[in-house]
Amino acid sequence: MDTLLQALQPLFAPALTFAGSPVSWLELVGCVLAVLMVVFNMRVNPVAWPLAIVSSLMFFALFWHSGLYGEASLQVVFVGVAAWGWWQWLKGHQPDGSALRVRHLRSAARVTAVLAIALAWPATALFLRTYTDTDVPWWDAFPTAASLVAQWLLGRKYVENWPLWVVVNVVSVGLFAYKGLWFTTALYLLFVAMSFSGWRAWRQLATAR
């Protein structure tokens with residue numbers, strides 16, 4: 001990992017200063033791609049997924065360099081989930097065989113999603129506390145666990161991915177601010193607003209069908 005970070009060192013060079021802190025080229029380009037990704041997600045455009053793959057790889061390097069190992073590891077998982085989501089949006093089907101469309105989760109499935117987060121959060125925190133030197137295992141673990149569930153919901157075009165992203169992004173704002181990643185903090189504040197917009201847009205799509 002140290003070798004990889006050394007190879008990427010030129011990308012950690014400051015591109016600009018934001019809120020008194022330097023913003024690397026890696027962080028800047030990753031943020032731009034991430035915003036474009038959310039815009040395409042809101043429009044249910046599969047172009048969002050390749051953008052997700054590239055931005056996730058960039059944020060992996062950024063978060064690992066900052067000691068956010070849970071968030072960094074999550075980005076690697078995101079690459080795989082993005083490839084799966086891309087295929088789902090292009091070729092996926094619903095249980096009745098019809099093409100995948102924007103829709104709501106059933107009540108039982110909502111409970112299952114909440115339980116999945118409730119189980120994954122402490123398991124992830126225990127792993128981070130045991131095997132890494134992170135100083136925020138529980139704080140880092142929550143968005144890590146919840147994001148995995150949100151990504152699955154997004155890949156299957158469930159409206160409920162958006163309110164879950166609202167929660168994840170709000171928690172992440174505090175986490176990144178604590179780590180001094182101010183540009184990424186501003187990005188996630190933007191993501192909070194965009195998640196509300198995506199939630200409204202997908203609710204309308206689900207109602208219209």
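The overall architecture of the chain is described here, followed by helices α3 and α4 and by residue F127.

The structure is a predicted model. Its chain contains 8 helices and 2 strands, arranged along the sequence in the order α-β-β-α-α-α-α-α-α-α. The radius of gyration is 17 Å, close to the 17 Å that the globule rule gives for 209 residues, so the chain is as compact as a globular protein of that length. The C-alpha trace extends over about 50 × 35 × 30 Å along its principal axes. Of the 209 residues in the chain, 47% are buried. Among contacts with a sequence separation of 6 or more, 67% involve residues 24 or more positions apart.

Helix α3 covers residues 48–65. Its 18 residues should span 26 Å at 1.5 Å a residue, and the end C-alpha atoms are indeed 26 Å apart, in agreement with that expectation. Burial is extensive in this element: 13 of the 18 residues of α3 are buried, and the helix is therefore largely enclosed by the rest of the structure. Just after α3, the backbone at G67 adopts a positive phi of about 80°.

Helix α4 comprises residues 69–91. This helix has 23 residues and reaches 33 Å between its first and last C-alpha atoms, close to the 33 Å expected at 1.5 Å a residue. The buried residues of α4 include the aromatic side chains Y69, F78 and W89, together with G70, A72, A82 and G85. Also buried in α4 are E71, Q75 and Q88, as well as L74 and V81.

The packing of two helices is described by the angle between their axes and the distance between the axes. For α3 and α4, the axes come within 8 Å and cross at roughly 170°. Because angles over 145 degrees count as roughly antiparallel, α3 is roughly antiparallel to α4. By residue class, the contact of α3 with α4 consists of 19 nonpolar, 4 polar and 1 charged residues.

Elsewhere in the chain, F127 lies in helix α5, which is formed by residues 107–131. The relative accessible area of F127 is 46%, which means that this residue is partly exposed, a class that lies between the limits of 20% for buried and 50% for exposed residues. F127 and G198 are separated by 71 residues in sequence and by 32 Å in space, taken from C-alpha to C-alpha.

Notes: Residues numbered from 1 in each chain as written. Predicted model: local features only at pLDDT ≥ 70, side-chain atom pairs only at ≥ 80, totals over all residues. Heavy atoms only, no water. Helix = DSSP H or I, 4+ residues; strand = E, 2+ residues; numbered from the N terminus. Expected span 1.5 Å × (residues − 1). Buried < 20%, exposed > 50% of the residue type's maximum accessible area, 1.4 Å probe, protein only. Axes fitted to C-alpha atoms, helices over the stretch in contact; angles between N-to-C directions. Parallel < 35°, antiparallel > 145°, perpendicular 65-115°, else oblique. Nonpolar A, V, L, I, M, F, W, Y, C, P; charged D, E, K, R; others polar. Rg over C-alpha atoms; globule rule 2.2 N^0.38 Å. Contact = heavy atoms within 4.5 Å.
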